[in-house]
There are 2 protein chains.
Amino acid sequence: MTRSIAQQAQLALLLEVATTPTPGNVDRRRDHDDLRFEQFLAGAVGVIDGLDALANPDGPPIGDAFEQAIEGMSDSANTNTQFGGLLLLAPLVRTAVTGDLTQERATAVAESTTVTDAEGFYRAFEHVEVAVADPPTDMDALDVRRGADAIPTLRERELSLYDVMARSTDRDGIAREWTGGFERTFDAADAIERREGPITDRSAEAFLDLLAAEPDPFVAINHGDEVAETVRERAAAAQEGVDPEELSDELVADGINPGTTADILAGGIFIALCRGVEV
Amino acid sequence: MTRSIAQQAQLALLLEVATTPTPGNVDRRRDHDDLRFEQFLAGAVGVIDGLDALANPDGPPIGDAFEQAIEGMSDSANTNTQFGGLLLLAPLVRTAVTGDLTQERATAVAESTTVTDAEGFYRAFEHVEVAVADPPTDMDALDVRRGADAIPTLRERELSLYDVMARSTDRDGIAREWTGGFERTFDAADAIERREGPITDRSAEAFLDLLAAEPDPFVAINHGDEVAETVRERAAAAQEGVDPEELSDELVADGINPGTTADILAGGIFIALCRGVEV
């Protein structure tokens with residue numbers, strides 16, 4: 001197997017959306033009214049130059065490479081398909097290319113980010129529309145929806161990308177991964193590695209584990225904490241034998257998509273592929 | 001839309017396998033016992049370096065770039081997923097990168113191939129197992145299953161890749177495209193461009209058109225001419241309103257896969273994408 005690190009990340013994005021069921025999300029069997037499976041394929045095709053930049057230890061800063069990946073995704077898919085997944089993959093790819101892909105080393109990469117990386121992160125929002133929570137009052141000047149307009153504030157306050165993430169953990173599940181040792185992402189990788197059968201079947205079980213363990217922050221942003229908790233409980237019931245296909249159909253019909261859980265699954269698949277799990 | 005030519009070809013391979021139903025083939029809704037959807041995703045990830053080489057007008061000969069694509073596909077998918085599609089895409093990609101993608105210009109590219117290209121083509125068979133028909137007696141030394149062992153004969157007889165294709169049209173549908181102006185491939189592109197709706201729905205209709213028009217040569221090789229003709233007739237009935245999903249389920253159950261038709265569809269999708277059809 002001679003896939004490059006960047007190709008492993010690209011394949012992880014493709015395998016995530018091919019995994020079914022991933023209740024509430026676009027998957028191999030389900031589209032949303034405004035977001036179709038094939039747009040995820042197009043998004044994954046468009047990210048490769050950005051992933052190559054991330055997978056080059058002498059390449060541009062993580063934030064710049066991340067922006068490049070988002071621009072390529074958005075150009076190719078004509079919409080936002082994998083923003084969160086790429087934000088999670090960025091430090092993991094940079095970690096994998098310089099040595100072992102461990103929680104410790106990935107955390108060191110995240111902590112080593114600079115103000116320049118934060119600038120790239122904010123510029124990335126100029127290429128897409130992303131649903132995010134309102135920031136706390138003292139962070140208003142750093143609302144990601146400001147895009148590049150937030151850059152002077154970033155510089156003034158000397159905030160690295162890691163600092164920005166650390167200030168977003170309250171509502172953002174990817175930020176929690178960045179600043180919490182990528183715990184859930186590595187758990188998902190372990191679950192995929194431990195199981196048997198086709199990788200997308202293993203991934204479907206890992207998705208349910210993740211969704212049953214914690215309320216999805218993206219659902220919480222869009223539908224409130226109560227709905228997010230209900231979804232978590234229903235995922236736990238599916239683990240106990242209730243048909244997850246039904247849950248999936250209902251969540252899609254109701255427009256409830258646990259997007260952060262899908263992002264974490266993509267990260268977990270990437271780690272599993274790097275460990276040698278076969279397709 | 002800023003996808004590179006190579007990325008358009010990669011996306012075409014992904015969209016082909018995402019198209020459903022494509023009766024008898026692996027698609028978004030169906031796996032074969034020995035070939036799963038996600039292996040096609042992995043195959044498509046692995047071909048990009050070969051496609052980049054094809055999309056470089058100053059790059060290696062078409063045959064060498066084709067071999068590179070097949071090697072990458074085989075390494076990543078661990079099986080043969082898109083050999084025929086890549087053989088068809090190779091001259092189309094090289095054509096698109098130097099100017100208009102027309103039947104005339106693609107034919108000129110095919111005709112300009114050399115003995116070196118034929119050598120690359122034969123070497124490609126060393127990376128995969130491909131089901132092919134037995135060659136005529138005078139072509140026995142050039143049986144593709146000989147792989148690189150056929151190279152001395154190629155040189156001795158001064159056969160270009162185009163010459164090899166011209167000697168294989170009897171049983172090989174891709175060879176017929178190479179030497180027949182890529183007629184059916186461009187017809188498929190026209191059909192996709194003409195229709196409306198999601199590109200994978202347009203592609204499903206184009207697949208049925210192709211399958212109903214001519215018996216699939218890959219089915220003929222594996223199951224005989226009579227079965228291939230029956231499949232053609234049933235595709236024609238599906239055009240007239242018989243549910244193609246049923247045909248699809250039956251063909252998959254019987255292990256009958258019209259692989260050449262899928263290859264031609266991939267070529268048609270590539271042309272349609274290059275013409276600006278959106279995902």
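Author: Pro21(B) sits in the loop between α1 (5-18) and α2 (37-46) of chain B.

Reader: What makes α1 and α2 helices here?

Author: DSSP does: helices are its H or I runs with at least four residues, strands are E runs with at least two, and both are numbered from the N terminus. Before we go on, this is a predicted model: local features need pLDDT of at least 70 and side-chain atom pairs pLDDT 80 or more, while totals for chains, interfaces and linings use all residues. Residues count from 1 along each chain as its sequence is written, chains are lettered from A and ligands numbered from 1 in the order written, and side-chain values use heavy atoms, without hydrogens or water.

Reader: What kind of peptide bond runs from Thr20(B) to Pro21(B)?

Author: A cis one, with omega near -5 degrees. In chain A, Thr20(A) and Pro21(A) are also joined by a cis peptide bond, omega about -5 degrees.

Reader: Why is α1(A) called roughly antiparallel to α5(A)?

Author: Helix α1 (residues 5-18) and helix α5 (residues 83-96) of chain A pack at about 155 degrees, with axes 10 Å apart. The cut-offs are under 35 degrees for roughly parallel, over 145 for roughly antiparallel, 65 to 115 for roughly perpendicular, and oblique for the rest. So the pair lands in the roughly antiparallel class.

Reader: Which residues make that contact?

Author: With contact meaning heavy atoms within 4.5 Å, they are Ile5(A), Ala9(A) and Leu13(A) from α1(A), plus Leu86(A), Leu89(A), Val93(A) and Ala96(A) from α5(A). By class that gives seven nonpolar, no polar and no charged residues.

Reader: Why is Phe182(B) called buried?

Author: Buried means under 20% relative accessible area, exposed means over 50%, and partly exposed is in between (1.4 Å probe, protein chains only). Phe182(B) comes in at 0%, so buried is the label. Phe182(B) also has a positive phi of about 55 degrees, though not a glycine, and lies in the loop between α10 (173-179) and α11 (183-194) of chain B.

Reader: And what makes Asn78(B) partly exposed?

Author: Its relative accessible area is 49%, so Asn78(B) falls in the partly exposed class. Phi of Asn78(B) is positive too, near 65 degrees, and this residue is in the loop between α4 (62-77) and α5 (83-96) of chain B.

Reader: How do you know whether Thr95(A) is buried or exposed?

Author: Thr95(A) has a relative accessible area of 0%, so the verdict is buried. Thr95(A) belongs to helix α5 of chain A. Leaving out residues up to four places away in sequence, Thr95(A) touches Asp100(A), Leu101(A), Arg105(A), Ala106(A) and Val109(A).

Note on methods:
Axes fitted to C-alpha atoms, helices over the stretch in contact; angles between N-to-C directions. Nonpolar A, V, L, I, M, F, W, Y, C, P; charged D, E, K, R; others polar.
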